[in-house]
Amino acid sequence: MLMTPHMATVLEWSTVFYKDSHTSLWSPRQAKDMVGQNGGLSGTTSVTVTLTDVNDNPPRFPRRSYQYNVPESLPVASVVARIKAADADIGANAEMEYKIVDGDGLGIFKISVDRDTQEGIITIQKDLDFETKTSYTLRIEAANKDADPRFLSLGPFSDTTTVKIIVEDVDEPPVFSSPLYPMEVSEATQVGNIIGTVAAHDPDSSNSPVRYSIDRNTDLERYFNIDANSGVITTAKSLDRETNAVHNITVLAMESQNPSQVGRGYVAITILDINDNAPEFAMDYETTLCENAQPGQVIQKISAVDKDEPSNGHQFYFSLTTDATNNHNFSLKDNKDNTASILTRRTGFRRQDQSVYYLPVFIVDSGSPSLSSTNTLTIRVCDCDADGVAQTCNAEAYVLPAGLSTGALIAILACVLTLLVLILLIITMRRRKKEPLIFDEERDIRENIVRYDDEGGGEEDTEAFDMAALRNLNVIRDTKARRDVTPEMQFLSRPAFKSLPDNVIFREFIWERLKEADVDPGAPPYDSLQTYAFEGNGSVAESLSSLESISSNSDQNYDYLSDWGPRFKRLADMYGTGQESLYS
């Protein structure tokens, strides 16, 4: 395309720089054609130029030296200080690496990098001790992790600084010479014997005296004591290895001048074994013997245990006691492997002859001195099946009658007991029925009900009871026989008296007793029954004595007594026609 002078373009640029010095914006203000003549066309645009960072700035410490104070009690791995070197670069170009290049604390301290902040972190690797060293000096170097070779000519891309660490004195608790004290003692040692000694000291410059004690939470039974000044440990009680083989106790060491400073030491006391326990059966054996057992048959294999633990292991020896050696029933064979076998010597064992045998076994251990014990083996004779399995071992089965089982016997006993209970109940009920209905004077009669089995003849009965006689005490009716009851026998009849004794005496007697009861302060507050014995001053029937009737002029005829039989013959002779000659 051929450009004419009319098409010449004029460009005008404007430049904008951002403050971060990494990005610049170039913006043309206007572009016109026709050499800027009027009537030409124009346009505008913008161009952004981005600058990337390079590692062209070395790290620099803002200070040439640092100083930090730390207490000597600061634990291992604790942070002592944080330092940082400045770098004008950004991103990966500003990543740092720190290291200790010189100083007297190379083995005591170490430095690492915090990747987020690019700080150097100084930490403790070993315990500090003011009494050993009071200060440390470290020379620390900071360098870029990735240096750009194009800019090495600008100078070293690293820097160094000095860090001084001052150790401060702290009042520390006493320190034991060993973290653990192993000790041994025999379980046969006497109370008060020395087991061992612990030692602790005050690490501070004051070197305060130390006093010792035992943490009783680790020695609840108080088996041991410790001397407060010397740290000597002794026995306070008898020891038993079978109860507790190892005692782990904690010893406390306190400063005399400052008891709050307490150090702890650990002691492991091992109890050495002695032969102080006799061997015994390993278990409670249930030995059964078949009635058809043959001579030489093994019926039981036994073993033994011992609470002691000899260094060479256990060795037991088995035998029968002297009294049982010559028995004709059983023998014992020591298997030489801490076991023994029980064998039969004969045949023909019968439960009805003897159902249980007791065999004493003598066991000796190999300790020094050796101990022994006698254990009794119980052997039961049983009825066995063809395979030798015990079926019945109860000797009582032979004592029972033939055809009568144990269940039947129990049923019979239960029936007999039931019959005895029923008989006792019947006897008790009969005794209660025979008790007379007699009122106790001290018993409250208001709640007592007396029952009479006497019935009247109903509404038509006018002869059984005469209510008029009950209402009028001055009238006594003639004795009349009841028409609704047939008498068994008519005895002596007496003429009815029409006249009545005056009952004024009885009425007055009752009224006087009633008044006395009303004014009696000791009388009960409720209605009560008062009983009095009073016969009056005389009787219309006069005397009823048989002696007086003999001499009386009664015209009563008693000859009919002779007809009543032999039992009344004596009365017939006394009151009959021949009574005059009876006493002549």
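A salt bridge here is a side-chain nitrogen of Lys or Arg lying within 4 Å of a carboxyl oxygen of Asp or Glu. Going by that rule, the structure, which is a predicted model, holds 14 salt bridges. A few of them make a handy way into the fold.

Take Asp114 and Arg82, to begin with. Their closest N and O atoms are 3.5 Å apart, and the two form a salt bridge. Asp114 sits in strand β8 (residues 109–114) and Arg82 in strand β6 (residues 79–83), so this pair ties together parts that are 32 residues apart in sequence. Arg82 is partly exposed, at 43% relative accessibility.

Another such pair is Lys99 with Glu141, a salt bridge whose closest N and O atoms are 3.8 Å apart. It also links distant parts of the chain: Lys99 belongs to strand β7 (residues 96–103) and Glu141 to strand β10 (residues 135–144), with their positions 42 residues apart in sequence. As for cover, Lys99 is partly exposed, with a relative accessible area of 47%. Glu141 counts as partly exposed too, at 21%, given that buried means under 20%.

Then there is Arg241, which forms a salt bridge with Glu242, the closest N and O atoms being 3.2 Å apart. Arg241 is buried, since its relative accessible area is 10% and the cut-off for buried is under 20%. Its partner Glu242 comes out at 23% and so counts as partly exposed. The story does not stop with these two residues: Arg241, Glu242, Asp273 and Glu309 are linked in a network of salt bridges.

Now for the sheets. Strands of a sheet pair through backbone hydrogen bonds, either parallel or antiparallel. One open sheet has 4 strands in the order β13-β20-β19-β16, and its pairing is mixed. At the edges are β13 (180–186) and β16 (210–214), each of which pairs on one side only. From one strand to the next, the twist averages 30°. Within this sheet, strand β19 (residues 246–255) and strand β20 (residues 262–272) run antiparallel and are joined by 9 bridges. To pick out one spot along that pairing, Ile249 stands opposite Val267 in β20.

Another open sheet is also built from 4 strands, this time in the order β21-β23-β26-β25, and here the pairing is antiparallel. Its edges are taken by β21 (280–281) and β25 (330–334); each has a single partner strand, so one side of each is left without a neighbour in the sheet. Strand β23 (residues 298–305) runs antiparallel to strand β26 (residues 339–344), and 5 bridges join the two. Among the residues involved, Ser303 has Thr339 in β26 as its bridge partner.

Last comes a helix, along with a stretch of nonpolar surface. Ile423 is found in helix α1, which covers residues 406–434. This residue is one of the members of a nonpolar surface patch of about 900 Å². The rest of the patch is made by Ile412, Val416, Leu417, Leu419, Leu420, Val421, Leu422, Leu425 and Ile427. Why can Ile423 count towards a patch? Patches are made of residues with over 30% relative accessible area and no salt bridge. Ile423 is partly exposed at 45%, so it clears that area cut-off.

Conventions. Residues numbered from 1 in each chain as written. Predicted model: local features only at pLDDT ≥ 70, side-chain atom pairs only at ≥ 80, totals over all residues. Heavy atoms only, no water. Patch = residues over 30% accessible without salt bridge, like charges linked within 9 Å, V, L, I, M, F, W, Y side chains within 5 Å. Areas by Shrake-Rupley, 256 points an atom, 1.4 Å probe, with all protein chains shown as cover. Buried < 20%, exposed > 50% of the residue type's maximum accessible area, 1.4 Å probe, protein only. Pairing = 2+ DSSP bridges. Axes fitted to C-alpha atoms, helices over the stretch in contact; angles between N-to-C directions.
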